[in-house]
Amino acid sequence: MEILDWRTMNPAQRAAALSRPSAALQTRTLTQAQAIIDAVRAGGDAALVRFAREFDGVELSQLRVGPAEFAAARAQLESAQFAALERAIANVEAFHRAGLPGAISMEVQPGVRCERLIRPLNAVGLYVPAGSAPLAATVYMLAVPARIAGCARRVLCTPPQHDGLAGAAVLVAAELCGIEQVFKIGGAQAIAALAYGTESVPKVAKIFGPGNAWVTAAKQLVAADPAGAALDMPAGPSEVLVIADDSARPEFVAADLLAQAEHDPRSQALLVTPSTALAQRVAAEVTAQMPGLSRLSILQESMRASRILIVSDLQQALEVSEAYAPEHLIIETRAPRALLESVTSAGSVFLGSWSPEPIGDYCSGTNHVLPTYGYAHAYSGLSVVDFTRRMTVQELQPQGLRDLGPTASTLAGLEGLDAHAAAVDIRLGFLAAQGAA
């Protein structure tokens, strides 16, 4: 890994040091995604079968996973794997249930009642990639909060494998989460099917889940179409930033960096430390650990955009992290919780030497669908709230309108909206006439 001295860099050099690999969608990708969307809208299931043949190399007799395929998937998993999925799902359930948003009903002043009601999204689409690494954990990270929110229809799409079947772990996880509608559809065509519906795939209101450039492009395109479906959040390649002092174990830090860098050639891993000695030892550890990892080709690419930054102290390390706004922030220092109060821009934070990031990816209970590419400045990780709509209600009694109505009428006049004012004033006049009578 390249080691850079943040202390001696000018603003332009610092900006370059924190630059991410390009994740901008190329015009060609957007054009291709739009063509796939248009084909699915026109051809329905037939287009989905054709794309499965063209892109996945499989001939599908049916798109939806049936009971026999679910049963076969269960038979493929070992008892320990099944138990691991159950335990992870239980933790995600416990944490996300605690975050269920509550209704509000209050009288803001006499005769004026305001409420906030929580309503689940009626139909949601869950996209689970299955490219170089089938993401079974993504199933329950999406499905559990959707279930807690009370979404009546939860539709899952995942690409078929070379044998024409969905990934066994993906199906078992879906079944454990109570998802019955699973379709073997991948890529932009899956997003199109969920957004607009086909003969087999029901239309949904919002689509969740990560994916490649074509999936991301398709999600953006259908979200911009009033007839399409909303998307969960902007997404880019996975990333991690580690803040560490000289108490950190270099082999732990190196492993943390590599764990995120193996996701994608455009993933990025940063170490920010005031210890030159630690920086050098971590760089050596990365070099030592990489050859033994199975995704070496991906790591060789992603580590080119990864680097170590030497700073003056931990306060400056926090400033670097806040500027970067990482998806994952790991704090491996003597007193990690002491730094937490100063963290405002991160998707998920991992405190101390014994909190490796994969625990959050799989089973701690927090969600691993997080804002990347700097979006943590403004976006939060996925939660139950994302699967709901918040609807406000107001109810005024005559007493409340008499008191508050003139305020609304005055403000409407300030904006030059006389019809707004009239809707209030007509009622006030009626109440005044009643009082006079």
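The following exercises, with worked solutions, concern a predicted model.

**Exercise 1.** Compare the end-to-end span of helix 10 (residues 250–261) with the span expected at 1.5 Å a residue.

Solution. Helix 10 has 12 residues. The expected span is 1.5 Å times one less than the number of residues, which gives 16 Å for helix 10. Its end C-alpha atoms are 16 Å apart, so the two values agree.

**Exercise 2.** Decide from its buried residues how far helix 10 is enclosed, and find what those residues pack against.

Solution. Buried means under 20% relative accessible area. The residues of helix 10 that meet this are P250, V253, A254, D256, L257, L258, A259, Q260 and A261. Because nine of the 12 residues are buried, helix 10 is largely enclosed by the rest of the structure. The packing partners of these buried residues include strand 9 (239–244), strand 10 (268–273), helix 11 (276–289) and helix 15 (357–362).

**Exercise 3.** Classify the packing of helix 2 (residues 27–43) and helix 8 (residues 187–196).

Solution. The two axes come within 9 Å and cross at roughly 50°. Helix 2 and helix 8 are therefore oblique to each other. Their crossing is right-handed. On the helix 2 side the contact is made by A33, I36, I37, V40 and R41, and on the helix 8 side by A188, Q189, A192, A193 and Y196. By type, the contact residues of these two helices are eight nonpolar, one polar and one charged.

**Exercise 4.** Is E69 buried or exposed, and which residues does it contact beyond four places in sequence?

Solution. E69 lies in helix 4 (residues 67–76). Its relative accessibility is 13%, so E69 counts as buried. Apart from neighbours within four places in sequence, E69 contacts L165, A166, L171 and K184.

Terms used. Residues numbered from 1 in each chain as written. Predicted model: local features only at pLDDT ≥ 70, side-chain atom pairs only at ≥ 80, totals over all residues. Heavy atoms only, no water. Helix = DSSP H or I, 4+ residues; strand = E, 2+ residues; numbered from the N terminus. Buried < 20%, exposed > 50% of the residue type's maximum accessible area, 1.4 Å probe, protein only. Contact = heavy atoms within 4.5 Å. Axes fitted to C-alpha atoms, helices over the stretch in contact; angles between N-to-C directions. Parallel < 35°, antiparallel > 145°, perpendicular 65-115°, else oblique. Left-handed = near helix turned anticlockwise from the far one by under 90°. Nonpolar A, V, L, I, M, F, W, Y, C, P; charged D, E, K, R; others polar.
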